[in-house]
Amino acid sequence: RFTCLERKLKSNPLVCMRCLLITSYFPPTIGGSATVYGNIHKYAEGKVVVLTTEQRKDQGDSQSSSNDNGKIYRIKELMAPSIVCKNYYQTFSAVLRYDLPTRCIVLKTVLGIISKERIDVVCVGELQELGWLVRVLRLFARVKVVIYTHGEEITTKSTSRFYGQNSKAYLNSADAVICVSNYTYKTILSRYNVSESKLYLITNGIDIDNYSFRSGKPCHIKAADEGSKLVFAAGRHIERKGFDMAIKAMDVVCRMIPDAHLVIAGEGETTNKLRQCIEELDLANTVSLVGRISHEELLAYYRQCDVFLMPNRTLKNGD
């Protein structure tokens with residue numbers, strides 16, 4: 001059966017298509033979207049070519065889910081700097097000075113890669129900042145164009161002069177829109193009136209060989225005593241992630257479950273505020289910030305925790 005299926009897949013022209021993925025969210029950049037795109041490239045067996053931004057000096061290869069050995073093109077920037085303009089003159093000036101030159105460079109690069117790599121499908125990985133490519137590529141490159149949406153970009157109000165103002169047009173112009181969740185799917189359908197025939201729900205996946213229930217000898221994990229009821233949270237330390245509310249909740253939980261212990265992995269702009277919150281609530285023995293951890297440590301926490309916690313909040317701008 002598997003041999004038969006393999007033959008059918010190989011004879012399917014769709015399997016032979018080559019895709020160009022365009023995004024600035026790509027390893028070694030840290031974040032959920034970057035991890036998704038990195039693994040798409042990693043497991044695509046050479047069928048996905050990537051155009052992304054240059055790697056910063058402070059980013060190490062150790063955080064990468066992919067590698068630059070397999071058709072990854074990097075340019076200085078994919079979008080112009082977001083500058084708040086107070087009047088039409090400033091807007092016009094910024095468009096001439098920043099937007100148009102950047103877009104010309106990006107378009108020239110993209111068309112060159114499409115020709116060189118014989119690309120059939122272009123996948124735009126950022127709706128607000130790169131959605132402008134949809135109509136242009138369909139006109140000049142005659143390729144199918146797909147937009148990959150995660151959720152944040154379809155609800156957040158853009159403060160930029162240019163980006164995010166035409167999301168509805170971008171989505172409706174695309175040949176297909178990939179949605180990573182039911183929430184994203186339903187929001188695009190209702191808010192942007194995109195034809196349901198264009199929407200494809202493809203939830204983020206994991207390598208199931210890396211994940212399992214508790215079995216055998218417990219893995220060593222820092223910050224929590226063996227036998228503790230372990231609550232685990234992970235992500236960038238930013239306001240949207242809601243880790244401050246997780247800490248405040250533990251002030252209540254530990255009264256009912258004294259051996260409960262919250263471990264928060266990651267780091268970011270609110271790390272110091274989280275430390276301050278732990279100190280003010282006298283939760284040093286109940287809550288631990290373990291900073292950035294390796295992939296192996298992350299898997300150990302996932303396997304050993306009793307509860308995984310993700311207390312995201314909605315910000316005023318819709319994020």
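## Ala265 and its surroundings

A residue is termed buried when its relative accessible area is under 20%. In this predicted model, Ala265 has a relative accessible area of 3% and is therefore buried. The residue belongs to strand β9, which covers residues 260-265.

Leaving out residues up to four places away in sequence, Ala265 touches Phe232, Ala233, Ala234, Gly235 and His237, as well as Val290, Gly291 and Ile293. With respect to Ser288, 23 residues apart from Ala265 along the chain, the C-alpha separation is 8.5 Å.

## Aromatic pairs

Five aromatic pairs are present in the structure. One of them joins Phe232 and Tyr301 in a stacked arrangement, with 4.9 Å from centre to centre and 10° between the planes. Phe232 is part of strand β8 (residues 229-234) and Tyr301 is part of helix α11 (residues 295-304), so this pair ties together parts that lie 69 residues apart in sequence.

Both partners fall below the cut-off for burial. Phe232 counts as buried because its relative accessibility is 0%, and Tyr301 counts as buried because its value is 1%. Ring pairs also link Phe232 and Tyr301 with Tyr302 and Phe308 in a cluster. Phe232 is, in addition, among the residues that Ala265 touches.

## Nonpolar cores

In soluble globular proteins, nonpolar side chains tend to be buried together. The largest nonpolar core in this model comprises 36 residues, and those with the most contacts inside it are Leu20, Ile22, Ile114, Val122, Leu133 and Leu137. Helix α3, spanning residues 88-117, gives the most to this core, contributing five residues. Another core, of 16 residues, lies apart from it and includes Val48, Val121, Ala176 and Val180.

The contacts of Val122 illustrate the surroundings of one residue of the largest core. When neighbours within four places in sequence are set aside, Val122 is in contact with Leu20, Ile22, Ile114 and Leu137, and also with Val143, Lys144, Val145 and Val146. Of these partners, Leu20, Ile22, Ile114 and Leu137 are themselves listed with the most contacts inside the core.

## Cysteines

The structure holds zero disulfides. Cys179 has a relative accessible area of 0% and is therefore buried. Cys254, at 17% relative accessibility, likewise counts as buried, because the cut-off lies at 20%.

How values were computed. Residues numbered from 1 in each chain as written. Predicted model: local features only at pLDDT ≥ 70, side-chain atom pairs only at ≥ 80, totals over all residues. Heavy atoms only, no water. Helix = DSSP H or I, 4+ residues; strand = E, 2+ residues; numbered from the N terminus. Buried < 20%, exposed > 50% of the residue type's maximum accessible area, 1.4 Å probe, protein only. Contact = heavy atoms within 4.5 Å. Core = buried A, V, L, I, M, F, W, Y, C linked by side-chain atoms within 4.5 Å. Phe/Tyr/Trp six-rings, centres within 6.5 Å; stacked < 30°, edge-to-face > 60°. Disulfide = S-S within 2.5 Å.
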